[in-house]
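Please work through the exercises below with the structure in view, and try each task before you read its solution.

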Amino acid sequence: MGTYGRQDIVFVKGEGSWLETETGARYLDFASGIAVNALGHSHPRLVAALTEQAGKLWHTSNLYRVAGQERLAERLTAATFADRVFFCNSGAEACEGAIKVARRFHFVSGRPERWRIITCQGAFHGRTLAALAAAGNPKYLEGFGEEAPGFDHVPFGDLDAVRDAIGPETAAVMIEPIQGEGGIHVGSEAYLQGLRSLCDKAGILLILDEVQSGVGRSGKLFAHEWAGITPDVMAIAKGIGGGFPLGAILATEEAAAGLTPGTHGSTFGGNPLAMAVGEAVLDVVLEPGFLEGVQQKALRLRQGLARLRDQFPDLVVEVRGQGLLSGIRLSSAPAAVVAAAREEGLLVVGAGDNVVRILPPLTVADHEISEGIERLSRALARVSSPSNT
Ligand code: PLP
């Protein structure tokens, strides 16, 4: 179906931070499949994990215990605030599930009237009907009938607006700690801490959508760690599968109490292939020093982007981001710069608010960061004075 405005490029091979087309052209991949290929392409650990599992067992369904799910859930709960994990296949599915967790929590706690979720303008939670209603972007909702009810939208970063929106029917606040699609808006520590305490005072749940910001992308395992808070429920996907479709809902024991047998499910969720890859991703990301390495690379990238802002002050308005979830805000729409970067053999992604997202694999090498900055500089030069091209 015609859902995508695709570029006429076919990649046939990937290695590390590089992609190769069918005609042999090489691209430096600072898009990472929109923050998915956390360990780059064809990472030997992931290839080994997937091929080994492929020779053993692919799928049994959730009618039976799945050893890989138990192992990965144990790893995830040991590394985070969570006590319980539900595996699914995508970010939207994880966000939908997180909403269900919050509503059921209040239902089984004797407060069925608490079902509304406070969400943020500029958010993105996926393309299913409830996830679209949660984000509330009219562009994505148009033509799909009546919007799924139960969401109250407030401006991102505005604690007073959240306080005012909390009412007797509120079940939870759901936000991305760093808005990705919306244009790399980083929620401040004070904002996240304020949300935590507002939720605690009101007896409602804090749901974080870390689909894009999670699994090392921010320089911590999860972005909320920068603020020293923990959510009650968290949706993850993208990086945890390193390119294999995998999502998960993480929750505290208390918050997950409503999800009893029969209340939720997924045929493919937690399939042994996905579990093997998820475990291998965590093996690498949790290696001592890996996340510190991401922070150092992020600093180098940020310095390079700051130089571009100084070099092209009319075009680059601001450098944004945390860790390798970074971007530059332009004075005009990002499409021209994204296209010019492609011409220079560099893949980057547009976002809202005139932002170009720069999302290298977490395994990117220092010299590749320098190369990426060089290529982006040439792309910006093309756009700022088209006669240079
Ligand atoms: N939530 C966030 C923060 C995302 O960035 C995305 C995808 O970009 C989603 C949810 C939806 O994920 P998926 O496309 O896997 O359904």
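**Exercise 1.** Decide whether arginine 196 is buried or exposed, and then describe the salt bridge in which this residue takes part.

*Solution.* The model is a predicted one, and the first step is to compare the relative accessible area of arginine 196, which is 13%, with the cut-off for buried residues, which is under 20%. Arginine 196 is therefore buried, because 13% falls under that cut-off. The second step is to find the partner: arginine 196 forms a salt bridge with aspartate 232, and the closest N and O atoms of the two are 2.9 Å apart. This pair links distant parts of the chain, since arginine 196 belongs to helix α8 (residues 189-202) while aspartate 232 sits in the loop between β10 (205-209) and β11 (233-236), 36 residues apart. The third step is to check the partner as well, and aspartate 232, with a relative accessibility of 13%, also counts as buried.

**Exercise 2.** Follow the salt bridges of arginine 320, and state for each residue involved whether it is buried or partly exposed.

*Solution.* Begin with glutamate 318, whose side chain meets that of arginine 320 in a salt bridge with an N to O distance of 3.4 Å. Arginine 320 also forms a salt bridge with aspartate 353, where the closest N and O atoms are 3.0 Å apart. In this second pair, distant parts of the chain are linked, because arginine 320 is in strand β13 (residues 316-322) and aspartate 353 is in the loop between β16 and β17, 33 residues apart. Now turn to the accessibilities: arginine 320 is buried at 11%, whereas glutamate 318 is partly exposed at 30%, and aspartate 353 is partly exposed at 36%. Elsewhere, salt bridges that share partners join Arg45, Arg71, Arg75, Glu279, Asp283 and Glu287 into one network. In total, the structure holds 22 salt bridges.

**Exercise 3.** Explain what deserves attention in the phi angles of alanine 35 and asparagine 354, and say where each residue lies.

*Solution.* Start from the general rule that most residues other than glycine have a negative phi. Alanine 35 is not a glycine, and yet its phi is positive, at about 65°. Asparagine 354 likewise has a positive phi, near 60°. Next, place the two residues: alanine 35 is in helix α1 (residues 32-35), while asparagine 354 lies in the loop between β16 (349-351) and β17 (355-358). Finally, alanine 35 counts as buried at 4% relative accessibility, but asparagine 354, at 26%, counts as partly exposed.

**Exercise 4.** Describe the surroundings of the ligand and three of its polar contacts.

*Solution.* First list the shell, which consists of Ser90, Gly91, Ala92, Phe124, His125, Gly126, Glu176, Glu181, Asp209, Val211, Gln212 and Lys238. Sorting these residues by character gives three nonpolar, five polar and four charged ones. Then consider the contacts one by one: an oxygen atom of the ligand lies 2.8 Å from a backbone N or O atom of alanine 92, a nitrogen atom of the ligand is 3.2 Å from a polar backbone atom of phenylalanine 124, and a ligand nitrogen is 2.7 Å from an N or O atom in the side chain of aspartate 209. To finish, note that the ligand on its own has 400 Å² of accessible area, of which the protein covers 82%.

Methods: Residues are numbered from 1 along each chain as its sequence is written. This is a predicted model: local features need pLDDT of at least 70, side-chain atom pairs count only at pLDDT 80 or more; totals for chains, interfaces and linings use all residues. Side-chain values use heavy atoms; hydrogens and water are left out. A residue is near a molecule or strand if one of its heavy atoms lies within 4 Å of it. A polar contact is a pair of N or O atoms within 3.5 Å; within protein, one must be able to donate a hydrogen and the other to accept it, and residues adjacent in sequence count only if both atoms are side-chain atoms. Accessible areas come from the Shrake-Rupley method with a 1.4 Å probe; for residues, only the protein chains shown count as cover. Ala, Val, Leu, Ile, Met, Phe, Trp, Tyr, Cys and Pro count as nonpolar, Asp, Glu, Lys and Arg as charged, and the others, Gly among them, as polar. Helices (H or I, at least four residues) and strands (E, at least two) are DSSP runs, numbered from the N terminus. Buried means under 20% relative accessible area, exposed over 50%, partly exposed in between (1.4 Å probe, protein chains only). A salt bridge is a side-chain nitrogen of Lys or Arg within 4 Å of a carboxyl oxygen of Asp or Glu.
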